[in-house]
Structure formats: structure tokens, C-alpha cells
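User: Please take a close look at the salt bridges in this model. Which side chains take part, and where do they lie?

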Amino acid sequence: MPIKPEQLAALMHEVELEDPIDFADLPFAEDDLRELVASHLCEMAAAMENFSTEDRLLSLLAVSAKLVLENLVLHLQLLRRHGLPVGDGVESLLARLRKPD
């Protein structure tokens with residue numbers, strides 16, 4: 001049974017309790033944004049219903065990885081634009097990229 005957008009939005013909200021999203025001053029309601037994204041992802045998952053389980057999982061992981069990368073890049077751009085230091089979590093990720101001296 002496929003997950004419904006409302007269920008996914010509720011799960012997203014639960015995850016945000018541990019790792020909140022800064023919606024700042026966006027002119028949109030947080031719940032509306034969550035529901036929009038949940039609906040889009042459920043549509044994507046439904047479009048993959050003829051995929052094998054392995055291909056569906058791989059596709060969803062690729063989409064997730066792309067979104068995490070995009071989020072990281074945007075986060076770094078904002079920090080650089082405002083001259084702010086990166087947090088410990090981001091710094092530890094970036095340390096993996098730096099070549100030893």
C-alpha cells in the first residue's frame with residue numbers, strides 16, 4: 001500500500017522535531033510547503049510503480065542524494081555570503097574532502 005502525501009508530510013514533521021528547518025521569513029505556511037513536497041515525492045514514487053524494488057530504491061536514493069547535495073551547496077553559499085563560519089557537522093563533512101598537507 002503506497003504512502004499518502006499526508007502521511008509523508010507527518011513523517012517529515014516528525015523528523016524536523018530532531019533537526020528543524022529554518023523557514024525564515026518565507027511567505028508560505030510551513031505545513032503547505034511540507035504538503036507540496038510530500039505530494040511531489042509521492043507522485044514520483046507512484047510513477048516508479050513498474051520499477052523493480054531495487055530500481056525504485058536506487059532511484060529514490062539518487063533523488064535524496066541530489067537534494068542533500070543541493071542543500072549543502074546552498075547552505076555553504078549562504079554562510080559564505082554572510083561571512084559566517086560553518087558548523088561542526090558541515091566542517092566534519094568538508095574535512096573529508098580536504099587533502100592532507
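Analyst: The salt bridges are described below, beginning with the network. This is a predicted model, in which local features need pLDDT of at least 70 and side-chain atom pairs count only at pLDDT 80 or more, while totals for chains, interfaces and linings use all residues. Residues are numbered from 1 along each chain as its sequence is written, and side-chain values use heavy atoms, with hydrogens and water left out.

A salt bridge here is a side-chain nitrogen of Lys or Arg within 4 Å of a carboxyl oxygen of Asp or Glu; by this rule there are four. A network of salt bridges links E16, E30, D31 and R34. Within this network, E16 and R34 are joined at 2.7 Å, N to O. E16 belongs to helix 1 (residues 5–18) and R34 to helix 2 (residues 30–47), so the pair ties together parts 18 residues apart in sequence. Helices are DSSP runs (H or I, at least four residues), numbered from the N terminus.

E16 is buried, at 11% relative accessible area, and R34 is buried as well, at 4%. Buried means under 20% relative accessible area, exposed over 50%, and partly exposed in between (1.4 Å probe, protein chains only).

R34 also bridges to D31, at 2.6 Å, N to O. D31 and R34 are three residues apart in helix 2, about one helical turn. D31 is partly exposed, with a relative accessible area of 46%.

Another salt bridge pairs K66 with E70, at 3.6 Å, N to O. Both residues lie in helix 3 (residues 53–81), four residues apart, or about one turn of the helix. K66 is partly exposed at 48% relative accessibility, and E70 is partly exposed at 37%.

Notes:
Helices (H or I, at least four residues) and strands (E, at least two) are DSSP runs, numbered from the N terminus.
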